[in-house]
Amino acid sequence: MSLTRRPLAAAAAATVLALGLSGCNLPDGSGGGSDAQATAPATPQTPPTGAEALGTYYGQKLSWTKCPGGQCADLTVPLSYDDPQGKTIKVKVLKIPATRKKNRLGSLVVNPGGPGGSGIDYAQAADFIVGKPVRQRYDIVGFDPRGVGRSEPINCLDDRQLDSFLGEDPTPDTPSEEQSFAQTAKSFAEACKTNAGPLLAHVSTADAAKDMDILRAALGDPKLNYLGKSYGTFLGATYAGLFPKTVGQFVLDGVVPPDLTSEQINQGQAAGFEVATRAWAKNCVDEGDCPLGRSVDDVMQGMRDFLKSLDANPVPSGDANQPQLTEGWGSLGIAAAMYDQGSWGILTDALRAAVKNRDGRQLMSLANTYADRTDNGHYTGNIMEVIYAVNCLDKPDTSNLKVYEKQAKEFTASAPTWGPFLAWSSLPCGYWPVKATGETKKITAAGSGPIVVVGTTRDPATPYDWSVRLNNELANSSLITYNGDGHTAYTRSNACVDDAIDNYYVKKQVPRDGLKC
């Protein structure tokens with residue numbers, strides 16, 4: 001199972017879960033309440049040059065209705081941008097109005113990552129995902145990208161089938177295990193082909209970026225103001241490359257550079273998670289009574305031994321629907337804690353229970369958080385499926401098992417704990433029923449306004465070097481470096497980062513390139 005571009009699982013996402021936010025419930029765009037109002041764009045909007053056939057979409061009005069947390073609407077977009085006169089689909093949108101009615105600065109569109117993270121759920125936590133000055137001056141707008149959550153969701157497997165898929169041995173090391181893993185990957189791809197329908201060919205990042213520009217026009221904003229985290233940076237950079245002239249206040253936090261191949265992404269993440277896990281291991285040793293060893297190296301070896309033991313002898317999970325904590329589920333539980341250092345103590349306790357008492361309940365709970373799975377075995381979102389649907393369109397891969405064997409050996413040399421896991425993670429894309437449409441290319445967004453790039457030095461999912469890379473490639477950008485742990489930086493734990501970004505959004509003050517926090 002791929003960890004590629006997992007959405008923010010730290011403070012903001014945890015807050016969403018803790019508050020139990022329910023999101024928009026708009027089966028046909030009718031929404032809740034009875035005071036629907038049509039809001040026309042504030043200024044005439046036209047499609048970008050060469051896209052005159054999209055004029056109807058760019059000229060549409062959004063009908064806002066009251067819904068949990070704010071106001072909801074449907075955005076109509078073409079299923080295929082190659083056939084704009086053909087079938088249409090609906091993208092669900094949520095707006096949380098600015099807390100100040102005076103001196104409003106427009107809309108700020110937000111995306112938490114994924115692919116597959118819900119922008120609606122993320123926007124509902126508006127008070128926590130942006131600073132107070134930003135919250136006062138901007139309407140916070142989230143949307144579920146096509147194929148995600150409430151927007152024509154792609155569902156390939158039922159709950160029990162997805163349990164089995166995620167519990168599969170993720171690090172095959174014998175010919176028979178490789179064949180079993182390959183059959184699982186192939187079956188998953190075939191299920192998506194059967195159950196997702198025509199949309200499966202039209203959920204690329206480029207498709208979502210084009211939807212975002214239509215959303216910008218429908219919101220009445222001459223330029224798009226944007227906050228993208230994790231995969232949301234890939235979406236944002238793609239948008240900037242397609243529509244540089246409409247880039248407004250843009251923050252890309254925890255970067256996935258568009259010019260990386262699938263192999264480079266997996267290898268970079270393997271190294272990133274290795275660094276993050278060593279940081280946790282040091283904390284575990286420093287706190288005392290670490291269940292896996294007395295030194296960082298001993299703990300890392302203990303982690304590998306524990307995962308290997310789960311492969312051979314799973315631990316009871318306490319879950320009636322998924323009774324065994326397998327290596328696959330155990331890996332997801334450990335990975336979940338790497339996204340935010342506030343979860344490190346929880347991970348240590350979970351490992352202590354699993355190693356010493358063969359009690360996998362706590363580690364299974366962490367894995368459930370990662371997978372958007374409830375304790376009764378129901379998946380509340382479709383991120384664990386749509387992450388492949390998007391990635392496999394964006395980045396082509398192979399079904400040649402020898403390639404994955406080779407990558408597993410190479411990745412293990414620098415990331416012995418996470419290398420094999422990440423090396424095999426893209427195999428479903430090798431069997432994907434739709435040909436990849438994305439291009440691995442450098443994006444400069446020449447002609448754009450200033451873009452702010454943020455990188456965290458020990459980020460597990462989006463290594464710091466990736467933020468440096470994109471900052472060097474963009475024609476007009478500045479880099480903020482946060483020396484810290486966890487995934488992404490803004491509104492997580494650092495006033496230096498928060499103040500710089502708040503001032504950029506509200507006062508239009510571009511942070512000094514190279515700012516260190």
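**Serine 467.** I began with serine 467 in this predicted model and looked up its accessibility. Serine 467 has 1% relative accessibility, so I put it down as buried, the cut-off being under 20%. I placed serine 467 in helix H19. Setting aside neighbours within four places in sequence, I listed its contacts as Gly254, Val255, Val453, Val454, Gly455 and Leu479.

**Strands around H19.** I then followed the chain on both sides of this helix. Strand S11 (residues 451-458), helix H19 (residues 464-473) and strand S12 form a β-α-β unit, which I noted as right-handed. S11 pairs with S12 in the parallel sense, and I recorded 7 bridges. Within that pairing, isoleucine 451 is opposite serine 477 of S12.

I checked the burial of S12 next. Of the 9 residues in S12 (residues 477-485), 8 are buried, so I describe the strand as largely enclosed by the rest of the structure.

S12 also pairs with strand S13 (residues 515-516), again in the parallel sense, over 2 bridges. I found threonine 481 bridged to lysine 516 in S13. From S12 the chain passes through helix H20 (residues 495-507) to reach S13, and I noted this β-α-β crossover as left-handed.

**Backbone outliers.** I went through the unusual backbone angles. Most residues other than glycine have a negative phi, and most peptide bonds are trans. Threonine 488 has a positive phi near 70 degrees, although it is not a glycine. I located threonine 488 in the loop between S12 and H20. With 0% relative accessibility, threonine 488 counts as buried.

Serine 230 is another non-glycine residue with a positive phi, near 55 degrees. I found serine 230 in the loop that runs between strand S7 (224-229) and helix H9 (231-242). Its relative accessibility is 0%, so I entered serine 230 as buried.

I also logged a cis peptide bond between glycine 114 and proline 115, with omega about 0 degrees. Proline 115 sits in the loop between strand S5 (106-111) and helix H3 (119-124).

**Helix H8.** I compared the length of helix H8 (residues 205-219) with expectation. Its 15 residues should span 21 Å at 1.5 Å a residue, and the end C-alpha atoms are 21 Å apart, so the two agree. I counted 13 of the 15 residues of H8 as buried, so the helix is mostly covered. Glycine 220 follows H8 and has a positive phi near 85 degrees.

**Helix H10 and valine 285.** Helix H10 has 26 residues, and I noted 37 Å from its first C-alpha to its last, close to the 38 Å expected at 1.5 Å a residue. Glycine 288, just after H10, has a positive phi of about 90 degrees.

I looked up valine 285, which is in H10 (residues 262-287). Valine 285 has a relative accessible area of 24%, and I list it as partly exposed. Apart from neighbours within four places in sequence, valine 285 contacts Cys290, Gly293, Arg294, Ser295, Val296 and Val299. I took the C-alpha distance from valine 285 to aspartate 298 as 9.7 Å, for a separation of 13 residues in sequence.

**Glycine 342.** I found glycine 342 in the loop between helix H12 (327-338) and helix H13 (344-357). Its relative accessibility is 57%, so I entered glycine 342 as exposed. Glycine 342 and arginine 361 are 19 residues apart in sequence, and I have their C-alpha atoms 19 Å apart in space.

**Nonpolar cores.** The largest nonpolar core has 149 residues, and I noted Ile140, Phe250, Trp280 and Tyr505 as those with the most contacts inside it. Helix H15 (residues 383-394) gives the most to this core, with 9 residues.

I opened up phenylalanine 250. Leaving out neighbours within four places in sequence, its contacts include Leu224, Tyr226, Ile451, Val452 and Tyr504. I also recorded a second, separate core of 10 residues, with Tyr404, Ala408, Phe411 and Trp424 among them.

**Whole chain.** I closed with the overall figures. The protein chain has 20 helices and 13 strands. Its radius of gyration is 22 Å, close to the 24 Å that the globule rule gives for 517 residues, so I call the chain as compact as a globular protein of that length. Its C-alpha atoms fill a box of roughly 65 × 50 × 45 Å along the principal axes. I have 61% of the 517 residues down as buried. Of the contacts between residues at least 6 apart in sequence, 75% join residues at least 24 apart.

Note on methods:
Residues are numbered from 1 along each chain as its sequence is written. This is a predicted model: local features need pLDDT of at least 70, side-chain atom pairs count only at pLDDT 80 or more; totals for chains, interfaces and linings use all residues. Side-chain values use heavy atoms; hydrogens and water are left out. Buried means under 20% relative accessible area, exposed over 50%, partly exposed in between (1.4 Å probe, protein chains only). Helices (H or I, at least four residues) and strands (E, at least two) are DSSP runs, numbered from the N terminus. Two strands pair if DSSP finds at least two bridges between them. A crossover is right-handed if, with the strands pointing away from the viewer, the path from the first strand over the helix to the second runs clockwise. The expected span of a helix is 1.5 Å times one less than its number of residues. Contact means heavy atoms within 4.5 Å. A nonpolar core is a set of buried Ala, Val, Leu, Ile, Met, Phe, Trp, Tyr and Cys residues joined through side-chain atoms within 4.5 Å. The radius of gyration is taken over C-alpha atoms; the globule rule is 2.2 Å times the number of residues to the power 0.38.
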